[in-house]
Amino acid sequence: LDLYGAPVIGKHERWLGIVIVAHDISALKRLEQVRKDFVANVSHELKTPVTSIKGFTETLLDGAYKDTPSLLAFLEIIQKESNRLEMLIKDLLDLSRVEKADFQVEAKPTDMKKVIERAEELVRPRLEEKSIRLETELASVIVQGDANRLIQVMTNLLVNAITYSASETTIRVDLSQQQSEAVVHVKDQGIGIEASEIDRLFERFYRVDRARSRNSGGTGLGLSIVKHLLEAHQGRVEVESAVGVGTTFTIYLPLAK
Ligand code: ADP
């Protein structure tokens with residue numbers, strides 16, 4: 001509670017009383033804490049790759065460049081860390097755009113089957129790298145949406161399904177129309193998510209297992225971007241998961257008008 005008091009003085013310096021203003025700032029304080037955590041997280045996430053790039057560059061300049069194997073190994077690390085920085089900055093910019101209260105998508109009739117097929121193409125190299133099969137059952141459904149944004153949603157969900165699954169497993173994607181909505185399931189046979197973690201998945205930078213997720217190359221921003229993009233479409237996302245069995249993300253989108 002924020003308290004502010006002031007005397008009220010009338011004519012001839014006469015005391016009339018005291019005005020006390022009490023202001024409930026707990027909501028404000030919470031917001032402020034969320035903002036501080038966010039800034040701390042961003043700084044940490046940005047600092048880690050920069051520290052590594054600086055360290056390896058200095059070592060190279062100090063003479064390690066003369067040793068060809070080290071030179072190559074260090075350059076590869078520098079490249080990997082620069083890519084990571086680039087991805088983080090891109091995700092941060094995306095998130096700050098989609099989080100704005102006035103963010104709007106350019107929604108027009110869009111073939112959701114084509115959106116999913118495009119996302120599939122984009123993740124194809126990752127699927128092949130891990131020998132993960134992708135099975136699809138896609139009805140022809142026209143939604144009201146922004147194709148590029150929806151490709152981004154589908155790509156994020158597919159990349160996660162691949163990242164958190166073992167090799168040789170199967171991911172199933174199906175698209176159907178149920179009443180006045182398009183429904184997409186992305187179902188994996190991956191590591192699954194504890195029930196207690198589900199509520200926090202869509203928070204910025206939230207990761208169930210920080211170390212493992214960072215090694216997997218993610219930024220921890222993917223699902224918050226998904227959630228905001230779907231909300232901007234008047235859609236939504238739901239998760240069902242069992243540890244060691246797999247996870248299903250379901251998205252709902254309004255049909256074209
Ligand atoms: P990240 O870049 O770390 O993948 P996301 O915002 O996309 O960030 O996801 C947040 C966290 O949710 C991940 O770090 C991971 O712990 C968990 N997660 C997301 N998708 C899956 C999935 N398909 N299976 C298991 N865990 C998942």
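**Exercise 1.** How many bridges join strand β6 to strand β7, and do these strands run parallel or antiparallel?

*Solution.* The structure is a predicted model.
Step 1. Locate the strands: β6 spans residues 170-178 and β7 spans residues 181-187.
Step 2. Count the connections: seven bridges join β6 to β7.
Step 3. Assign the direction: β6 and β7 run antiparallel.
Step 4. Identify a facing pair: Ser-176 stands opposite Val-183 in β7.

**Exercise 2.** Determine the strand order of the open sheet, its edge strands and the helix α3 that packs on the sheet.

*Solution.*
Step 1. The open sheet consists of five strands, ordered β4-β6-β7-β9-β8, with mixed pairing.
Step 2. Strands β4 (133-138) and β8 (236-242) each pair on one side only, and are thus the edge strands.
Step 3. From one strand to the next, the twist averages 15°.
Step 4. Helix α3 (residues 112-129) packs on this sheet and touches β4, β6, β7 and β9 (246-254). The direction of α3 makes about 175° with that of β4.

**Exercise 3.** Describe the volume and lining of the second largest pocket.

*Solution.*
Step 1. The second largest pocket holds about 270 Å³ of space.
Step 2. Twelve residues line this pocket, and those closest to its centre are Val-34, Asp-37, Asn-41, Glu-203 and Arg-204.
Step 3. Helix α1 (residues 26-61) supplies the largest share of the lining, five residues.
Step 4. Sorted by class, the lining comprises six nonpolar, one polar and five charged residues.

Definitions and conventions. Residues numbered from 1 in each chain as written. Predicted model: local features only at pLDDT ≥ 70, side-chain atom pairs only at ≥ 80, totals over all residues. Heavy atoms only, no water. 1 Å grid on protein atoms, 1.4 Å probe; cavity = no way out; pocket = protein on both sides within 12 Å on 5 of 7 lines; lining within 4 Å. Points joined across faces, edges and corners; volume = space filled by probe spheres on them. Helix = DSSP H or I, 4+ residues; strand = E, 2+ residues; numbered from the N terminus. Nonpolar A, V, L, I, M, F, W, Y, C, P; charged D, E, K, R; others polar. Pairing = 2+ DSSP bridges. Axes fitted to C-alpha atoms, helices over the stretch in contact; angles between N-to-C directions. Contact = heavy atoms within 4.5 Å.
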